[in-house]
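Hi everyone, thanks for coming. Let me put the sequence and the structure up on the screen, and then I'll walk you through the contacts one region at a time.

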Number of protein chains: 2
Amino acid sequence: MDLTTQNIPDTVTSISQAAELTGLTEDTIRYYERIGLLPYADRKPNGHRHYSKDQILGIRFLMRLKATGMTLEQMRHYLELTRQGDGTLSERYTILEAHNDTIAHEIARLQETQEVIRYKLRHFRELAENPNTDAYDCEEPGSSGQ
Amino acid sequence: MDLTTQNIPDTVTSISQAAELTGLTEDTIRYYERIGLLPYADRKPNGHRHYSKDQILGIRFLMRLKATGMTLEQMRHYLELTRQGDGTLSERYTILEAHNDTIAHEIARLQETQEVIRYKLRHFRELAENPNTDAYDCEEPGSSGQ
DNA sequence: TTACTACTTGGAGTATGCTCAAAGTCAAGT
DNA sequence: ACTTGACTTTGAGCATACTCCAAGTAGTAA
């Protein structure tokens with residue numbers, strides 16, 4: 001099931017459920033708490049962590065940032081600003097805007113590479129149809145493709 | 001200057017020029033050779049590496065694969081197939097096709113995240129225009145945004 | 001009471017991908 | 001002859017992000 005649409009119980013979740021709902025491992029969640037990426041989680045009377053629905057959504061958002069190239073340290077900084085409240089709204093705005101631009105550039109680069117790969121695939125198909133007889137058909141390295 | 005359009009001298013290049021033309025450092029190029037990602041480069045009589053134009057183009061292609069998420073080990077495997085000649089064409093085709101699909105999924109995910117970020121930016125603008133008076137305005141974690 | 005399961009903490013180890021430093025070679029310039 | 005600069009090799013070290021393990025606790029079930 002797709003994580004982003006998997007629905008989250010309103011009741012508080014354990015670390016194992018949190019792991020399932022976020023796609024992380026329990027170890028990774030504990031690790032994130034240790035390095036200050038996630039705040040010290042509430043504990044049940046027996047000491048076990050528990051998470052609210054909002055916290056799970058928060059982690060999912062973070063995982064989106066991570067999946068789009070943000071480092072743990074950058075996320076940690078962003079979250080620190082969040083904890084500081086509304087006074088940091090404009091700085092957070094700037095960060096997210098910059099990250100959005102980063103993503104735009106990344107998409108452009110991926111599309112460029114898709115074109116290069118498609119060019120190469122086309123070249124391979126031609127070779128297969130029409131096996132080449134000339135001695136020089138360099139591939140990487142050195143390749144003919146950019 | 002953009003690396004992919006920067007033109008490459010026809011004459012053989014030194015490692016420092018190769019570094020400049022590929023965006024890698026000299027250390028990284030030597031490291032790649034060490035781990036078998038690049039073949040043992042030709043040496044000049046004094047032992048210095050030299051690279052042909054085609055080799056530079058090959059490295060650039062590799063860097064595209066890397067920039068789009070392929071690991072060094074996967075690239076090493078691909079290049080090994082290349083060295084084995086035309087008999088591996090169909091396997092290489094499959095690899096590149098699969099990588100192209102990976103890129104397509106990656107683009108989709110990036111675009112999804114852009115939407116989430118834009119939603120959040122819009123939310124921030126609303127907050128700035130119309131500072132909120134209610135006590136509960138959670139941000140990550142736990143956040144209101146997906 | 002014993003066993004089992006789900007957690008806890010703290011610390012060590014691992015994978016990937018570089019990055020740097022030490023010591024040496026070679027050729028050109030003064 | 002000596003210095004400078006661009007390289008060489010080998011090996012160690014580092015940053016990021018986990019991942020695993022050992023030892024312990026708390027609650028439940030037989």
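Let's start at Ser16(A), where a polar side-chain atom lies 2.9 Å from a phosphate oxygen of DNA strand C. Before I go on, a word on the ground rules: this is a predicted model, in which local features need pLDDT of at least 70 and side-chain atom pairs count only at pLDDT 80 or more, while totals for chains, interfaces and linings use all residues. Residues are numbered from 1 along each chain as its sequence is written, chains are lettered from A and ligands numbered from 1 in the order in which they are written, and side-chain values use heavy atoms, with hydrogens and water left out.

Back to the phosphates. By polar contact I mean a pair of N or O atoms within 3.5 Å; within protein, one must be able to donate a hydrogen and the other to accept it, and residues adjacent in sequence count only if both atoms are side-chain atoms. Ser14(A) also has a polar side-chain atom by a phosphate oxygen of strand C, at 3.4 Å. From chain B, a polar backbone atom of Leu72(B) is 3.5 Å from a phosphate oxygen of that strand.

Which elements give two or more residues to the surface near DNA strand C? They are helix H1 (15-22) and helix H2 (26-34) of chain A, together with helix H2 (26-34) of chain B. Helices here are DSSP runs of H or I with at least four residues, numbered from the N terminus, and near means that a heavy atom of the residue lies within 4 Å of the strand. H2(B) gives the most to this surface, with five residues.

In total, 18 residues surround strand C, and the closest are Arg34(A), Arg43(A), Arg49(A), Tyr32(B) and Lys66(B). By class, the surface has four nonpolar, seven polar and seven charged residues. For that split, Ala, Val, Leu, Ile, Met, Phe, Trp, Tyr, Cys and Pro count as nonpolar, Asp, Glu, Lys and Arg as charged, and the others, Gly among them, as polar. Of the strand C atoms within 4 Å of the protein, 66% belong to sugar or phosphate and the rest to bases.

Now over to DNA strand D. Here too there are 18 residues around the strand, and Tyr32(A), Lys66(A), Arg34(B), Arg43(B) and Arg49(B) come nearest. H2(A) gives the most to this surface, with five residues, and the residues divide into four nonpolar, seven polar and seven charged. Sugar or phosphate accounts for 67% of the strand D atoms within 4 Å of the protein.

What about phosphate contacts on this strand? A polar side-chain atom of Ser16(B) lies 2.9 Å from a phosphate oxygen of strand D, and one of Arg43(B) lies 2.7 Å from a phosphate oxygen of the strand. On chain A, a polar backbone atom of Leu72(A) is 3.4 Å from a phosphate oxygen of strand D.

Arg43(B) has another neighbour to show you: this arginine lies over the face of Tyr40(B), at 4.0 Å from the ring centre. In chain A, Arg43(A) lies over the face of Tyr40(A), at 3.9 Å. The test is that NZ of Lys or CZ of Arg is within 6 Å of the ring centre and within 35 degrees of the ring normal.

While we're on rings, how many aromatic pairs does a search of the whole structure find? Two, over all chains. The rings of Tyr31(A) and Tyr32(A) have their centres 5.8 Å apart and their planes at 45°, so this pair is tilted. The rules are centres within 6.5 Å for rings of Phe, Tyr and Trp (its six-membered ring), with planes under 30 degrees apart stacked, over 60 edge-to-face and the rest tilted. Tyr31(A) is partly exposed, with a relative accessible area of 38%, whereas Tyr32(A) is buried at 4%. Buried means under 20% relative accessible area, exposed over 50% and partly exposed in between, using a 1.4 Å probe and protein chains only. In chain B, the rings of Tyr31(B) and Tyr32(B) are also tilted, with centres 5.8 Å apart and planes at 45°.

Last stop, H1(B). Its buried residues are Ile15(B), Ala18(B), Ala19(B), Leu21(B) and Thr22(B), and they pack against H2 and helix H3 (53-67) of chain B, where contact means heavy atoms within 4.5 Å. After H1(B) comes Gly23(B), with a positive phi near 85°. That's my tour, so over to you!
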